[in-house]
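Hi,

Here is the structure I said I would pass along. Have a look at it first, and my notes follow below.

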Amino acid sequence: MAGIRLGPDDSEISQQSRAAPADLISDDDRSVAADSWSIKSDYGSTLDDDQRHADAAEDLSAANLRAPSDYSSDKEEPDSDGMTSMLGLQSYWDAAYADELVNFREHGHAGEVWFGADVMEVVASWTKTLCIDVSQGRMPNHVDNSKSESAEQGYKFLSGWSVLDIGTGNGLLLQELSKQGFSDLTGIDYSEGAIDLARNLADRDGLPNIHFLVDDILETKLERQFQLVVDKGTLDAIGLHPDGAIKRLIYWDSVSRLMAPGGILVITSCNSTKEELVQEVENFNQRRIGVIQDQEGCKDTAPQLQYLSHVRTYPTFMFGGSVGSRVATVAFLRN
Ligand SMILES: C[S@@+](CC[C@H](N)C(=O)[O-])C[C@H]1O[C@@H](n2cnc3c(N)ncnc32)[C@H](O)[C@@H]1O
């Protein structure tokens with residue numbers, strides 16, 4: 001849960017959601033996990049909504065990550081005390097999207113919207129305003145007011161923005177960004193089922209120009225750079241792999257290289273607060289500077305990221321004396 005730290009007792013919950021090896025995941029386990037990651041969707045589901053929509057944020061939080069400050073350490077071996085979950089495994093997502101495809105084919109359902117439709121809409125409209133501000137040379141100290149530009153002006157500024165959605169799932173965030181005026185849209189996911197579903201949905205919804213590719217962000221084959229990179233829930237999932245800490249480092253390296261100079265990353269997480277994400281990026285920058293300094297004569301002008309803005313309109317609540325919100329959306333700018 002973004003903004004909320006787990007208390008000591010919660011570690012027991014985390015232990016319960018430790019990942020099973022991929023080939024040991026039973027259908028029962030899978031359906032329990034699916035129940036817990038399925039935040040309310042307005043897009044249709046065959047399962048019993050009352051039963052199945054246990055909060056995915058709770059599930060990811062229950063399998064919470066260690067503090068991002070730890071990532072600055074030199075530990076390279078798998079993180080034995082890090083919290084893991086089935087949601088960190090590709091086998092989990094392959095099985096989940098196989099089910100979603102059946103639901104789509106039999107019932108026309110689009111599947112789950114990670115963190116819910118409200119968050120998706122906020123992310124899309126906030127991102128649009130942010131990109132328009134940056135296009136106009138306004139560095140935002142961002143107030144969430146997505147109505148500041150007319151739709152016409154929006155389209156003018158946004159047509160030049162190439163967009164990459166990492167771990168796109170059913171691709172609905174890209175559809176929402178398309179409605180906001182972005183037109184050069186690419187989604188990647190390492191699960192073939194996700195890409196199959198996303199393509200089917202985009203065709204059905206009259207958006208065949210969105211590009212979808214099977215690609216693992218940690219071993220990406222993409223050769224182009226993007227002005228805008230978005231991630232909703234994917235870093236959270238990556239961090240839940242048994243080697244999550246190392247994979248998060250690879251993630252930042254890969255993402256920063258896929259961003260064009262002056263490009264923006266908009267990342268939405270239920271497992272890290274805004275402050276934690278900013279700290280994680282800062283640690284990553286420092287680590288990278290150290291590596292470059294160690295390599296004498298190295299010409300690698302590795303990209304650096306800096307905090308740009310964050311969504312301030314998500315509802316907050318008190319928990320254990322701290323104020324937090326269920327999700328955090330943070331934007332970073334590449335140099
Ligand atoms: C929590 S879901 C979010 C899906 C989508 N972004 C959304 O908001 O609905 C995480 C997604 O990340 C994908 N994923 C996880 N690790 C990945 C990786 N290394 N490369 C590409 N996709 C990945 C999963 O297949 C899954 O679709």
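**What I found**

The protein chain comes out with 12 helices and 9 strands. Keep in mind that this is a predicted model. Of the 335 residues in the chain, 48% are buried. As for how the chain folds back on itself, take the contacts between residues at least 6 apart in sequence: 75% of them join residues at least 24 apart.

On confidence, the mean pLDDT of the protein chain is 77, with 68% of its residues at 70 or more. The stretch to watch is residues 3–81, where the pLDDT is below 50. That stretch still has 132 contacts in the model beyond near neighbours in sequence, so to speak with a caveat attached.

Now the ligand. Which residues come nearest to it? Out of the 20 residues around the ligand, those are W93, W114, G167, G169 and G233. Two elements, β2 (184–189) and α10 (234–239), give two or more residues to that shell. The largest share is from α10, with 3 residues. By character, the shell splits into 11 nonpolar, 6 polar and 3 charged residues.

W93 also turns up in helix α5, which covers residues 90–107. Its buried residues are Y92, W93, A95, A96, Y97, E100 and F104, so the list mixes in one glutamate. Some of that spacing is what you would look for in a helix: with 3.6 residues a turn, residues three or four places apart point the same way. The length of α5 checks out too, because 18 residues at 1.5 Å a residue should span 26 Å, and the end C-alpha atoms are 25 Å apart, which agrees. Just past the end of α5, G108 has a positive phi of about 75°.

Last, the strands. Is β5 (residues 259–269) mostly covered or mostly open? Mostly covered: 8 of its 11 residues are buried. It has pairing partners in β4 and β9. With β4 (residues 226–232), β5 pairs in the parallel sense over 6 bridges, and V229 has L265 of β5 as its bridge partner. With β9 (residues 328–334), the strands run antiparallel, again joined by 6 bridges. There, I264 stands opposite L333.

Cheers

Definitions and conventions:
Residues are numbered from 1 along each chain as its sequence is written. This is a predicted model: local features need pLDDT of at least 70, side-chain atom pairs count only at pLDDT 80 or more; totals for chains, interfaces and linings use all residues. A residue is buried if 20 or more other C-beta atoms lie within 10 Å of its own, exposed if 12 or fewer, and partly exposed in between; C-beta atoms are placed from the backbone. Helices (H or I, at least four residues) and strands (E, at least two) are DSSP runs, numbered from the N terminus. Two strands pair if DSSP finds at least two bridges between them. A residue is near a molecule or strand if its C-beta atom, placed from the backbone, lies within 6 Å of it. Ala, Val, Leu, Ile, Met, Phe, Trp, Tyr, Cys and Pro count as nonpolar, Asp, Glu, Lys and Arg as charged, and the others, Gly among them, as polar. Two residues are in contact if their C-beta atoms, placed from the backbone, lie within 7 Å. The expected span of a helix is 1.5 Å times one less than its number of residues. pLDDT is the predictor's confidence in each residue, from 0 to 100.
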